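User: Please pick one part of this model and look at it closely. I want the local detail first, then how that part sits in its surroundings.

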Amino acid sequence: TKRVAILLSGGGSNMVRLVESMGQGHPARPVLVMSNDPNAGGLARAREMGVPVASVDHKPFSKDRAAFEAVLIEHLEAAQPDILCLAGFMRILTGDFIRHFEGRMLNIHPSLLPKYKGLHTHERAIAAGDKEAGCSVHEVTAELDGGPILGQARVPVLEEDTAETLAARVLKQEHRLYPEALRRFAAGDRSRFEL
Ligand code: GAR
């Protein structure tokens, strides 16, 4: 089975769904959950599920992204991941880091890429008057949120939506989409799908 490491910064609801999905007969298994925030809720949830965790606080490295990433890579290499999943990891990664894991790194992004790369995706979709929103799982390349799309799921945008209500609707789909995308990717299937 493929060894999967997961990077997160927050509550880790996507990480929980990924770990839960990797049961018996699955082509992958979780070997490490790591955060740039030692207090991230996702670390405690991973620990509860019996997954090894690590954290590298980015703050002492504020002036040196390369040094921060070198420590990340040290932890990751010790776990020997075949696949690296970004799941709400909110630090920009350098080209060097991305090249290191090229071809084996996935990300989930809360928009229908190529629309709304970067932050505040739901605010922007509402402000634009979009009738639909969604989420994308893509391969990570040097272009921020710009790598090949593996899968997407759509939701309607409702008249009364706020960024929060829309985010909650999209997050439910993220929880379906990411496990499916990981399962396909781990099995060697990189064809694009819609949920
Ligand atoms: C998710 O909505 C994910 O798509 C988003 O952060 C949230 C993390 O939630 N990621 C990004 O915005 C990446 N730029 P979680 O910690 O509960 O999985």
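Analyst: One term comes first: a contact means heavy atoms within 4.5 Å. The model is predicted, so local features need pLDDT of at least 70, side-chain atom pairs count only at pLDDT 80 or more, and totals for chains, interfaces and linings use all residues. Residues are numbered from 1 along each chain as its sequence is written, and side-chain values use heavy atoms, with hydrogens and water left out.

The part chosen is strand 5, residues 105-109. Helices (H or I, at least four residues) and strands (E, at least two) are DSSP runs, numbered from the N terminus.

Start with His109, which is found in strand 5. UniProt, in an unreviewed entry, places the feature "active site" at His109. UniProt positions are given in the numbering used here, feature names are shortened, and annotations may be inferred rather than shown by experiment.

His109 has a relative accessible area of 4%, so it is buried. Buried means under 20% relative accessible area, exposed over 50%, and partly exposed in between (1.4 Å probe, protein chains only). Leaving out residues up to four places away in sequence, His109 touches Tyr116, Lys117, Gly118, Thr121, Cys135, Ser136, His138 and Asp145. One polar link stands out for inspection: the His109 side chain reaches the backbone oxygen of Tyr116 at 2.7 Å. A polar contact is a pair of N or O atoms within 3.5 Å; within protein, one must be able to donate a hydrogen and the other to accept it, and residues adjacent in sequence count only if both atoms are side-chain atoms.

Tyr116 sits in the loop between strand 5 and helix 5, and helix 5 spans 121-127. Tyr116 counts as buried because its relative accessibility is 16%. Its phi is near 55°, a positive value in a residue other than glycine. His120 is also in the loop between strand 5 and helix 5. Phi of His120 is near 60°, again positive in a residue other than glycine. At 52% relative accessibility, His120 counts as exposed. The loop between strand 5 and helix 5 also holds Pro114. The peptide bond joining Leu113 and Pro114 is cis, with omega about 15°.

Back to the strand. Five of the five residues of strand 5 are buried, so it is largely enclosed by the rest of the structure. Met105, Asn107 and His109 point one way, Leu106 and Ile108 the other way, and all are buried.

Now the pairing. Two strands pair if DSSP finds at least two bridges between them. Strands of a sheet pair through backbone hydrogen bonds, either parallel or antiparallel. Strand 4 (residues 83-86) pairs with strand 5 in the parallel sense, over three bridges. Cys85 stands opposite Leu106, and Leu86 has Asn107 as its bridge partner in strand 5. Strand 6 (residues 132-139) runs antiparallel to strand 5, and four bridges join them. Here Ile108 has Val137 as its bridge partner.

The link between strands 4 and 5 passes through helix 4 (residues 95-100), and the three make a right-handed β-α-β unit. Right-handed means that, with the strands pointing away from the viewer, the path from the first strand over the helix to the second runs clockwise.

Zoom out to the sheet. Eight strands form an open sheet in the order 3-2-1-4-5-6-7-8, with mixed pairing. Strand 3 (53-55) and strand 8 (193-194) are the edge strands, each pairing on one side only.

Cys85 leads into the core. A nonpolar core is a set of buried Ala, Val, Leu, Ile, Met, Phe, Trp, Tyr and Cys residues joined through side-chain atoms within 4.5 Å. The largest one has 37 residues, and Ile6 and Cys85 have the most contacts inside it. Helix 6 (residues 163-186) gives the largest share of this core, eight residues. A second, separate core of 21 residues includes Ala5, Val56, Ala79 and Leu86. In soluble globular proteins, nonpolar side chains tend to be buried together.

Beyond residues up to four places away in sequence, Cys85 touches Val4, Ala5, Ile6, Leu7, Leu18, Leu106, Tyr178 and Leu182. Leu18 is among the buried residues of helix 1 (residues 13-21), with Asn14, Met15, Val16 and Val19. What covers the buried residues of helix 1 includes strand 1 (2-8), strand 2 (28-35), helix 2 (41-48), strand 4, strand 5 and helix 6.
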